[in-house]
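Here is a short report on one protein chain. Please read it with the structure open beside you.

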Amino acid sequence: MPMIARRSLLLSTAAMVAFGLSACTTTPAADPDGDAALLAHLMALETGSWQHVLDRDVAGMQAFLADDALLVFGDGRRFTKAEFLKAVPSFGLSAFTIGPNPQLLRFAPDVAAVVYTVSYTGGPAGAAPTTLSVTASSTFARRGGRWVSVHYQETPTR
């Protein structure tokens with residue numbers, strides 16, 4: 001095969017490979033308005049959950065958490081929904097501050113998570129309150145047309 005023919009074949013093959021790879025890695029355009037609205041909605045729910053605990057509002061937390069929810073705290077304690085609802089009245093939260101710049105992770109149309117920082121103060125009845133700063137992630141699923149929390153996890157920040 002002449003040199004020019006080999007170059008043409010090589011360039012054609014390279015162009016096809018490049019075109020094929022670009023087609024494989026192309027992602028649909030993000031929906032910034034939809035993502036911003038979802039982030040605002042989920043963070044309003046998340047902030048409300050902190051307020052429910054502060055107010056010892058078991059009914060509010062009942063509605064916020066999915067029946068199969070799991071909560072994992074920075075000290076390693078794990079709670080199912082039923083266990084956490086029993087703990088809410090004695091949880092002892094006295095203050096919380098959610099940090100700026102939460103992030104949205106969208107896994108599917110009906111599954112998303114928010115990642116944010118929060119500092120909170122509290123402790124069991126009779127104990128001195130302590131303040132903990134954490135990075136928290138809360139995963140939500142849209143079930144029956146409404147978003148519910150299915151998983152919460154926090155990691156203490158240093």
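Is Thr 47 buried, partly exposed or exposed? The model is a predicted one. In it, Thr 47 has a relative accessible area of 32%. Buried would need a value under 20%, and exposed a value over 50%, so Thr 47 counts as partly exposed.

Thr 47 sits in helix H2, which covers residues 32-54. Leaving aside residues up to four places away in sequence, Thr 47 touches Phe 96 and Ile 98. Phe 96 is 49 residues away from Thr 47 along the sequence. In space, the two C-alpha atoms are 9.3 Å apart.

**The chain as a whole**

The chain has 158 residues, and 31% of them count as buried. Four helices and seven strands make up its elements. Read from the N terminus, their order is α-α-α-β-β-α-β-β-β-β-β. Take the contacts between residues at least 6 apart in sequence: 52% of these join residues at least 24 apart. The exposed area of the chain is about 9,600 Å². Carbon and sulfur atoms supply 63% of that area.

How confident is the predictor, on average, in pLDDT? The mean over the chain is 84. A score of at least 70 is reached by 79% of the residues. Residues 3-29 call for caution in reading: their pLDDT stays under 50. For this stretch, the model has two contacts beyond four places in sequence.

**Strand pairing**

Which strands pair with E7? Strand E1, residues 65-72, pairs with E7 in the parallel sense. Strand E6, residues 130-143, runs antiparallel to E7. E6 also pairs with E5, again in the antiparallel sense. The table sets out the three pairings.

| Strands | Sense | Bridges |
|---|---|---|
| E1 and E7 | parallel | four bridges |
| E6 and E7 | antiparallel | ten bridges |
| E5 and E6 | antiparallel | twelve bridges |

Some partners can be picked out by name. Val 72 stands opposite Gln 153 in E7. Ala 141 has Val 148 in E7 as its bridge partner. Arg 143 faces Arg 146, also in E7. Between E5 and E6, Thr 117 stands opposite Thr 135.

E6 and E7 form a hairpin, with two residues between the strands. Gly 144 lies in that turn and has a positive phi of about 60°.

**A residue in E7**

Ser 149 belongs to strand E7, residues 146-156. Is Ser 149 buried or exposed? Its relative accessible area is 2%. The limit for buried is under 20%, so Ser 149 is buried. What does Ser 149 touch, beyond residues up to four places away in sequence? The list holds Phe 64, Leu 65, Ala 66, Ala 69, Ser 138, Thr 139 and Phe 140. Of these, Leu 65, Ala 66 and Ala 69 fall within E1. Ser 138, Thr 139 and Phe 140 fall within E6. Ser 149 thus has contacts in both strands that pair with E7 here.

**A nonpolar patch**

Which residues make the nonpolar surface patch? Leu 105, Phe 107 and Val 111 do, over about 260 Å². Val 111 is in strand E5, residues 111-122. With a relative accessible area of 30%, Val 111 is partly exposed, because this value lies between the 20% and 50% limits.

How values were computed. Residues numbered from 1 in each chain as written. Predicted model: local features only at pLDDT ≥ 70, side-chain atom pairs only at ≥ 80, totals over all residues. Heavy atoms only, no water. Buried < 20%, exposed > 50% of the residue type's maximum accessible area, 1.4 Å probe, protein only. Contact = heavy atoms within 4.5 Å. pLDDT = per-residue confidence, 0-100. Patch = residues over 30% accessible without salt bridge, like charges linked within 9 Å, V, L, I, M, F, W, Y side chains within 5 Å. Areas by Shrake-Rupley, 256 points an atom, 1.4 Å probe, with all protein chains shown as cover. Salt bridge = Lys/Arg side-chain N within 4 Å of Asp/Glu carboxyl O. Pairing = 2+ DSSP bridges.
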